[in-house]
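Q: I am new to this structure and would like a close look at one part of it. Could you walk me through the strands and the core packed around them, and show me how they fit into the whole chain?

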Amino acid sequence: MTTVVPDQCSILLVDDMEENLVALEAVLGPLHQKLVRARSGEEALKAMLRQDFAVVLLDVVMPGMDGFETAGTIKRLDQTKDVPIILVTGANPEADYAYRGYAVGAADFLTKPIDPWMLRTKVGIFLDLYRKNQRLAATAQEPVSGERLADIAQQLARIELLLRNTPAPDPADIADRVAEVARSVDSLRGDGG
């Protein structure tokens, strides 16, 4: 039985300015994902410890804990270290902002004004990666049926006996039996069957 992974993901939007949060929500709204707001680095960290996010859009310049410090903390915590961060900053960033962003573990760095199409595309890529990782993790957690493994072992044993005890085994019969084992293995992996 396959675990169903919901298509809707959570995206964390972190900015101390209301108008920037509203703008990000307007740009990302067409993706139909759950958009969660945080008005500070501290709020962002609390939100990330309460739920999983596919991606974080994080303003660089904020009072208190700035975007670099927040990103660094996110990347140091086991629970959040794998969440991709897109740092966002104003129109005239300091020369070392991009370097500092990548140095603390950000996946991308964008400067305002942000091209809506580009932002949706980049966030969409991170959403797809998140969904694929969730599906892979769910598949890895599924218990493999002992009966199914025993059946495959019996099929392999029959093929081995056929090869050992038959002086000239029929190649078509062996090919059919190997194909049957391959289908059984594929059904264990969720590839078919």
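**A close look at the strands and their core**

A: Happy to! Seven helices and five strands make up the secondary structure of the chain. Please keep in mind that this is a predicted model. Along the sequence, the elements follow the pattern β-α-β-α-β-α-β-α-β-α-α-α. The chain has 193 residues, and 35% of them count as buried. If you take the contacts between residues at least 6 apart in sequence, 61% of them join residues at least 24 apart. On the outside, the chain exposes about 11400 Å², with carbon and sulfur atoms supplying 56% of that area.

Let us start with strand E1, residues 10–14. Is E1 mostly covered or mostly open? E1 is mostly covered, with five of its five residues buried. You can follow this on both faces: Ser10, Leu12 and Val14 lie on one side, Ile11 and Leu13 lie on the other, and all are buried. There is a general pattern to look for here: side chains in a regular strand alternate between the two faces of the sheet.

Now look at the neighbours of E1. E1 runs parallel to E2, and five bridges join the two strands. Valine 14 has alanine 38 as its bridge partner in E2. Together with helix H1, which spans residues 18–28, strands E1 and E2 make a right-handed β-α-β unit. E1 is also joined to E3 by four bridges, again in the parallel sense. In E3, the residue opposite valine 14 is leucine 58. Valine 14 therefore has a partner in E2, alanine 38, and one in E3, leucine 58.From E3 we can step on to E4. These two strands pair in the parallel sense over four bridges, and leucine 57 stands opposite isoleucine 86 in E4. A right-handed β-α-β unit appears here too, made by E3, H3 and E4. On the other side of our walk comes strand E5, residues 108–111, which runs parallel to E4 and is joined to it by four bridges. Isoleucine 86 has aspartate 108 as its bridge partner in E5.

E4 is mostly covered, as five of its five residues are buried. Ile85, Leu87 and Thr89 point one way from the strand, whereas Ile86 and Val88 point the other way, and all are buried.

What do these strands help to build? The largest nonpolar core has 23 residues, and Leu12, Val14, Val56, Leu58 and Leu87 touch the most other members. At least two residues of this core come from each of E1, E2 (34–38), H2 (41–50), E3 (55–59), H3 (67–76) and E4 (85–89). H2 gives the largest share, four residues. Apart from this core lies another one, of 18 residues, with Ile11, Val55, Val123 and Phe126 among them.

Leucine 12 is a good residue to pick out on your screen. Leaving aside residues up to four places away in sequence, leucine 12 touches Val36, Arg37, Ala38, Ala44, Ala47, Met48, Phe53, Val55, Val56 and Leu57.

Helix H3 deserves a visit as well. H3 is mostly covered, with seven of its ten residues buried: Gly67, Phe68, Thr70, Ala71, Gly72, Thr73 and Ile74. These buried residues pack against H2, E3, E4 and H4.

One of the residues in H3 leads us to a ring contact. How many aromatic pairs does the structure hold? There is one aromatic pair. The ring centres of phenylalanine 68 and tyrosine 97 are 5.3 Å apart and their planes stand at 75°, so this pair is edge-to-face. Because phenylalanine 68 lies in helix H3 and tyrosine 97 in helix H4 (residues 97–103), the pair ties together parts that are 29 residues apart in sequence. Both phenylalanine 68 and tyrosine 97 are buried.

For a contrast, finish with helix H7, residues 171–189, where you will find valine 185. Valine 185 is partly exposed, and its relative accessible area is 34%. Its C-alpha atom is separated by 7.5 Å from that of isoleucine 152, although the two residues are 33 apart along the chain.

How values were computed: Residues numbered from 1 in each chain as written. Predicted model: local features only at pLDDT ≥ 70, side-chain atom pairs only at ≥ 80, totals over all residues. Heavy atoms only, no water. Core = buried A, V, L, I, M, F, W, Y, C linked by side-chain atoms within 4.5 Å. Buried < 20%, exposed > 50% of the residue type's maximum accessible area, 1.4 Å probe, protein only. Contact = heavy atoms within 4.5 Å. Phe/Tyr/Trp six-rings, centres within 6.5 Å; stacked < 30°, edge-to-face > 60°. Pairing = 2+ DSSP bridges. Right-handed = clockwise from strand over helix to strand, strands pointing away. Areas by Shrake-Rupley, 256 points an atom, 1.4 Å probe, with all protein chains shown as cover.
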